[in-house]
Amino acid sequence: MVNLKRELQKCKHPNSRKTKALSKKARRQNNKHKQRLGHAIKSNILGEKLNWFRERIESDRQTALTPEEFEQLINLYLKRFDKELEQISLKQSISKSRNKQHCVRQDVIRTTIERESDEYRKGGIELLNLCDSLKFKALKDWDGSAINVQHFKIDLISQNLLRRMKRELEENTVGESENKTKN
């Protein structure tokens with residue numbers, strides 16, 4: 001980037017072909033940098049989310065989660081800001097003169113909760129499917145760095161998907177118990 005600035009300063013005329021080529025090159029480098037920064041932010045957010053789930057799972061657990069446990073964990077994730085919202089409302093109720101002090105943080109939390117709960121109910125939250133034993137083991141073995149998040153195969157986990165998984169699990173257990181009674 002420094003060399004581009006020097007070369008642009010050397011150019012005599014602002015409309016010359018060399019000046020246009022250099023400005024195009026500078027714009028392209030700037031766009032590449034913005035794109036890399038966007039990917040880094042996305043992987044950091046996903047890394048924080050996966051780390052939250054990793055911390056909530058027992059450290060000695062070796063088997064994958066059942067759909068019921070995974071649903072409970074997701075509901076706990078969606079309620080992670082409840083204590084902070086209670087504290088903000090308590091602070092606002094105590095001092096009427098500073099009623100709007102934490103309203104920005106409160107709005108950010110509310111929009112985040114609404115967006116994530118809508119994603120979970122409708123399309124799905126980007127997460128690892130912790131009901132899958134291979135992905136569960138990968139999360140347990142993960143070192144917690146955002147750089148390695150790109151190696152995970154992320155799924156869209158929705159409420160409907162977990163319900164289907166529960167039904168399939170129940171059907172399999174019922175089918176196995178019927179087979180055992182016949183034998």
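Met165 touches Pro67, Asn129 and Cys131, with residues up to four places away in sequence left out of the count. The model is predicted. Met165 belongs to helix α7, and the C-alpha atoms of Met165 and Pro67 lie 6.4 Å apart although 98 residues separate the two in sequence. Because its relative accessible area is 18%, under the 20% limit, Met165 counts as buried.

**Overall architecture**

Seven helices and two strands make up the regular elements of the protein chain. Read from the N terminus, they follow the order α-α-α-α-α-β-α-β-α. The radius of gyration is 25 Å, well over the 16 Å that the globule rule gives for 183 residues, so the protein chain is more spread out than a compact globule. The C-alpha trace spans about 90 × 55 × 30 Å along its principal axes.

Of the 183 residues in the protein chain, 29% are buried. The exposed area of the protein chain is about 13,600 Å², and carbon and sulfur atoms supply 50% of that area. Among contacts with a separation of 6 or more, 73% join residues 24 or more positions apart. As to charge, the protein chain carries 41 positive and 26 negative side chains, and the centres of these two sets are 16 Å apart.

**The nonpolar core**

In soluble globular proteins, nonpolar side chains tend to be buried together. In this model, the largest nonpolar core has 26 residues, and the members that touch the most others are Leu50, Phe53, Phe70, Ile74, Leu127 and Leu130. At least two residues of this core come from each of α2 (17-56), α3 (67-78), β1 (125-127), α6 (133-141) and α7 (159-182). Helix α3 gives the most to this core, with five residues.

Which residues does Leu127 touch, not counting residues up to four places away in sequence? They are Lys49, Leu50, Phe53, Phe70, Ile74, Ile154, Asp155 and Ile157.

**Individual helix positions**

Trp52 is located in helix α2. Its contacts, again without residues up to four places away in sequence, are Leu73, Leu76, Tyr77 and Arg80. Arg80 is 28 residues from Trp52 along the chain, and their C-alpha atoms are separated by 9.9 Å. Is Trp52 buried or exposed? With a relative accessible area of 12%, Trp52 is buried, because this value is under 20%.

Arg80 also appears among the contacts of Thr112, which touches Arg80 and Phe81 when residues up to four places away in sequence are not counted. Thr112 sits in helix α5 (residues 103-121), and at a relative accessible area of 16% this residue is buried.

Val104 likewise lies in helix α5. At 59% relative accessibility Val104 counts as exposed, because the threshold for that class is over 50%. Val104 and Ile157 are 53 residues apart in sequence, and their C-alpha atoms are 29 Å apart in space.

The C-alpha separations given for these residues are set out below.

| Residue pair | Separation in sequence | C-alpha to C-alpha distance |
|---|---|---|
| Trp52 and Arg80 | 28 residues | 9.9 Å |
| Val104 and Ile157 | 53 residues | 29 Å |
| Met165 and Pro67 | 98 residues | 6.4 Å |

Note on methods. Residues numbered from 1 in each chain as written. Predicted model: local features only at pLDDT ≥ 70, side-chain atom pairs only at ≥ 80, totals over all residues. Heavy atoms only, no water. Helix = DSSP H or I, 4+ residues; strand = E, 2+ residues; numbered from the N terminus. Rg over C-alpha atoms; globule rule 2.2 N^0.38 Å. Buried < 20%, exposed > 50% of the residue type's maximum accessible area, 1.4 Å probe, protein only. Contact = heavy atoms within 4.5 Å. Areas by Shrake-Rupley, 256 points an atom, 1.4 Å probe, with all protein chains shown as cover. Lys, Arg positive; Asp, Glu negative; His and termini not counted. Charge placed at Lys NZ, Arg CZ, Asp CG, Glu CD. Core = buried A, V, L, I, M, F, W, Y, C linked by side-chain atoms within 4.5 Å.
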